[in-house]
2 protein chains.
Amino acid sequence: MPFHPACHSYEPVTIADRLFLDLRRAILEGELPAGKKISEPELASIYGVSRGSLREAISKLENCNLVTRRPNIGARIVNFSIDQLMEIYQIREAMEGMAARLAAKNMTEPELSHLKTLVARHKDSMANLERPAKNDYSQDADLDFHFCIIQGSKNQRLLTMLCQDLYDLVRFYRMRLSPAFSSTAMQEHELIVQALERRDGEMAELLMRYHVRASRDRAKQRLEAMTPEELGNH
Amino acid sequence: MPFHPACHSYEPVTIADRLFLDLRRAILEGELPAGKKISEPELASIYGVSRGSLREAISKLENCNLVTRRPNIGARIVNFSIDQLMEIYQIREAMEGMAARLAAKNMTEPELSHLKTLVARHKDSMANLERPAKNDYSQDADLDFHFCIIQGSKNQRLLTMLCQDLYDLVRFYRMRLSPAFSSTAMQEHELIVQALERRDGEMAELLMRYHVRASRDRAKQRLEAMTPEELGNH
DNA sequence: ACAGATAGGATTGTCGACAATTTTATCTTG
DNA sequence: CAAGATAAAATTGTCGACAATCCTATCTGT
């Protein structure tokens with residue numbers, strides 16, 4: 001499964017839940033194109049469920065900010081916009097900076113060593129591949145890194161806000177960008193881990209904020225280098 | 001209407017929307033007590049709507065984090081917990097700090113003068129009342145202040161995340177606290193406005209973070225002074 | 001008496017049908 | 001031909017009924 005389950009790693013016990021996970025995957029993978037209107041009768045017949053269950057699933061997608069709904073008009077898959085992506089990076093800078101500060105204080109030793117092995121593995125996979133394959137797991141490894149620190153903050157609401165409300169959008173946008181593979185980002189990760197090991201919250205926050213800011217700039221550069229066709233294609 | 005409409009100031013065009021606003025008000029005012037289980041048949045008959053519409057409204061309440069749902073079991077009004085409130089303050093520190101930084105850059109002049117009059121009015125109402133009445137608008141004025149700055153950040157997603165996902169919870173908890181009325185907070189507001197006028201984003205962020213942190217400490221102190229009965233009462 | 005099994009009642013999940021609204025296609029008029 | 005009104009078609013919102021699941025009270029055996 002190519003998607004980091006994150007907070008949505010529960011067993012889908014109900015039809016609407018299963019449907020939600022299916023649709024979420026379809027949206028993130030681009031099966032359902034960005035900006036497309038969702039036709040309730042059409043999708044319901046495709047998935048072989050009633051419109052009621054479908055509407056419940058759409059509600060959940062709305063929570064993840066993957067679709068927007070307007071009364072009496074319908075639901076649309078969110079649209080790709082560079083400005084919105086930049087907005088998200090600004091929010092991530094603030095929230096993940098705080099997460100890093102808290103993680104420096106609250107992370108357990110096992111969590112820390114898990115994070116270290118994670119970064120080491122990522123480093124290895126970078127060294128072994130000159131140019132990474134398109135489906136290498138460097139992207140997921142990056143998300144794992146951030147997820148790990150957020151979890152280490154021990155702030156439950158921070159975790160759910162980031163994972164439920166923001167990270168699906170991050171995945172949505174990332175899927176539509178050419179794959180990033182920055183050794184600079186790798187080094188930034190290592191610096192953050194060192195600060196966490198020293199339990200230096202102030203420094204961890206500063207480094208995380210710098211890292212998110214730098215990632216935003218790198219994404220912006222890549223986006224501006226892409227042709228309009230590449231942008232619309234996804 | 002005693003509730004700051006914030007992002008929910010749209011015209012309720014559908015039954016589920018109207019119901020959502022009604023229930024939201026009922027929860028915030030304490031009509032529906034914290035932690036209580038929501039009985040779908042009961043509420044549906046009380047409000048004279050079908051269970052389907054009610055379920056849609058409950059979904060929206062879940063988005064605002066005012067109720068939690070578990071499959072095949074049901075929905076409950078969120079419960080009051082001091083730790084959760086502290087978590088929220090930590091998130092607010094990060095997000096509103098960023099909002100202040102951005103507002104220093106992006107706020108328009110009309111927005112700035114509106115903010116100034118708002119603070120001035122608040123200051124007057126404080127000078128005229130030795131001890132504020134329980135239903136004075138100092139609490140709403142405080143939220144107005146924060147809302148104004150978030151809006152001035154011109155980061156649309158930051159606005160919706162704070163207003164939709166967090167501020168209803170802030171109101172929920174605030175309703176259940178003895179009214180806060182701090183001249184210290186007032187002075188902190190003034191300092192922030194001055195930084196915004198100077199367009200000093202760095203300073204605005206620092207001051208806002210200090211302000212939220214101090215508010216958190218004041219809330220904690222008040223909470224620890226309250227008796228268990230006062231806490232459970234609401 | 002108490003722990004676990006069991007049946008009854010109540011609650012939630014799911015569905016199909018109908019009503020209200022929006023969208024589309026057609027027709028009229030300048 | 002274009003612009004606006006009008007009717008038909010499609011889509012969304014709402015409802016009540018049935019199925020599946022959970023909760024509760026009773027029963028049984030040790």
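Start by selecting Asn65(B), which sits in the loop between H3 and E2 of chain B. Helices here are DSSP runs of H or I with at least four residues, strands are runs of E with at least two, and both are numbered from the N terminus. Check the backbone of Asn65(B): phi is positive, about 65°, although the residue is not a glycine. Most residues other than glycine have a negative phi.

A word on what you have open: this is a predicted model, in which local features need pLDDT of at least 70 and side-chain atom pairs count only at pLDDT 80 or more, while totals for chains, interfaces and linings use all residues. Residues are numbered from 1 along each chain as its sequence is written, chains are lettered from A and ligands numbered from 1 in the order in which they are written, and side-chain values use heavy atoms, with hydrogens and water left out.

**Stop two: the sheet in chain B**

Now colour the strands of chain B. Three of them form an open antiparallel sheet in the order E1-E3-E2. Strand E1 (37-38) and strand E2 (67-70) stand at the edges with a single partner strand each, so one side of each has no neighbour in the sheet. Zoom in on E1(B) and strand E3 (residues 74-77): two bridges join them, and they run antiparallel. Two bridges is also the minimum, since strands pair if DSSP finds at least two between them. Across this pairing, Ile38(B) stands opposite Ala75(B) in E3(B).

**Stop three: DNA strand C**

Show everything around DNA strand C. Which residues come nearest? Of the 18 around the strand, they are Thr14(A), Ile15(A), Lys37(B), Arg51(B) and Arg55(B). A residue counts as near if one of its heavy atoms lies within 4 Å of the strand. Of the atoms of DNA strand C within 4 Å of the protein, 78% belong to sugar or phosphate, and the rest to bases.

Next, turn on distances to the phosphate oxygens of this strand. For Thr14(A), a polar side-chain atom lies 2.6 Å from one. Ser50(A) has a side-chain N or O atom at 3.0 Å from a phosphate oxygen. With Glu40(B) you should look at the backbone instead, where a polar atom is 3.3 Å from a phosphate oxygen. The elements giving two or more residues to the surface near DNA strand C are helix H1 (15-29) of chain A, along with E1, helix H2 (40-47) and helix H3 (51-63) of chain B.

**Stop four: DNA strand D**

Swap to DNA strand D, which has 17 residues around it; the closest are Lys37(A), Arg51(A), Arg55(A), Thr14(B) and Ile15(B). Sugar and phosphate make up 77% of the atoms of DNA strand D that come within 4 Å of the protein.

Pick Lys37(A), and you'll find a side-chain N or O atom 2.8 Å from a phosphate oxygen of DNA strand D. Ile38(A) brings a backbone N or O atom to 3.2 Å from a phosphate oxygen, and Ser53(B) has a polar side-chain atom at 2.9 Å from one. Strand E1 (37-38), helix H2 (40-47) and helix H3 (51-63) of chain A, together with helix H1 (15-29) of chain B, are the elements that give two or more residues to the surface near this strand.

**Stop five: chain A as a whole**

Hide the DNA and look at chain A, with its ten helices and three strands. Of its 234 residues, 48% count as buried (under 20% relative accessible area; exposed is over 50% and partly exposed in between, with a 1.4 Å probe and protein chains only).

Colour by pLDDT, the predictor's confidence in each residue from 0 to 100. Chain A averages 89, and 87% of the residues score at least 70. Where does pLDDT stay under 50? That happens over residues 132-136 of chain A, for which the model has two contacts (heavy atoms within 4.5 Å) beyond four places in sequence.

Move on to Lys154(A), in the loop between helix H6 (138-152) and helix H7 (156-175). This non-glycine residue has a positive phi of about 65°, and its 42% relative accessibility makes Lys154(A) partly exposed.

Then step into helix H7 of chain A and select Arg171(A). Is Arg171(A) buried or exposed? At 2% relative accessibility, Arg171(A) counts as buried. Its side chain makes a polar contact of 3.1 Å with the side chain of Asp168(A). For such a contact, two N or O atoms lie within 3.5 Å; within protein, one must be able to donate a hydrogen and the other to accept it, and residues adjacent in sequence count only if both atoms are side-chain atoms.

**Last stop: the core**

Finish with Leu196(A) and Leu196(B), which touch the most other members of the 140-residue largest nonpolar core. Such a core is a set of buried Ala, Val, Leu, Ile, Met, Phe, Trp, Tyr and Cys residues joined through side-chain atoms within 4.5 Å. Leaving out residues up to four places away in sequence, Leu196(B) touches several residues, including Ala100(B), Met107(B), Leu115(B) and Ile149(B).
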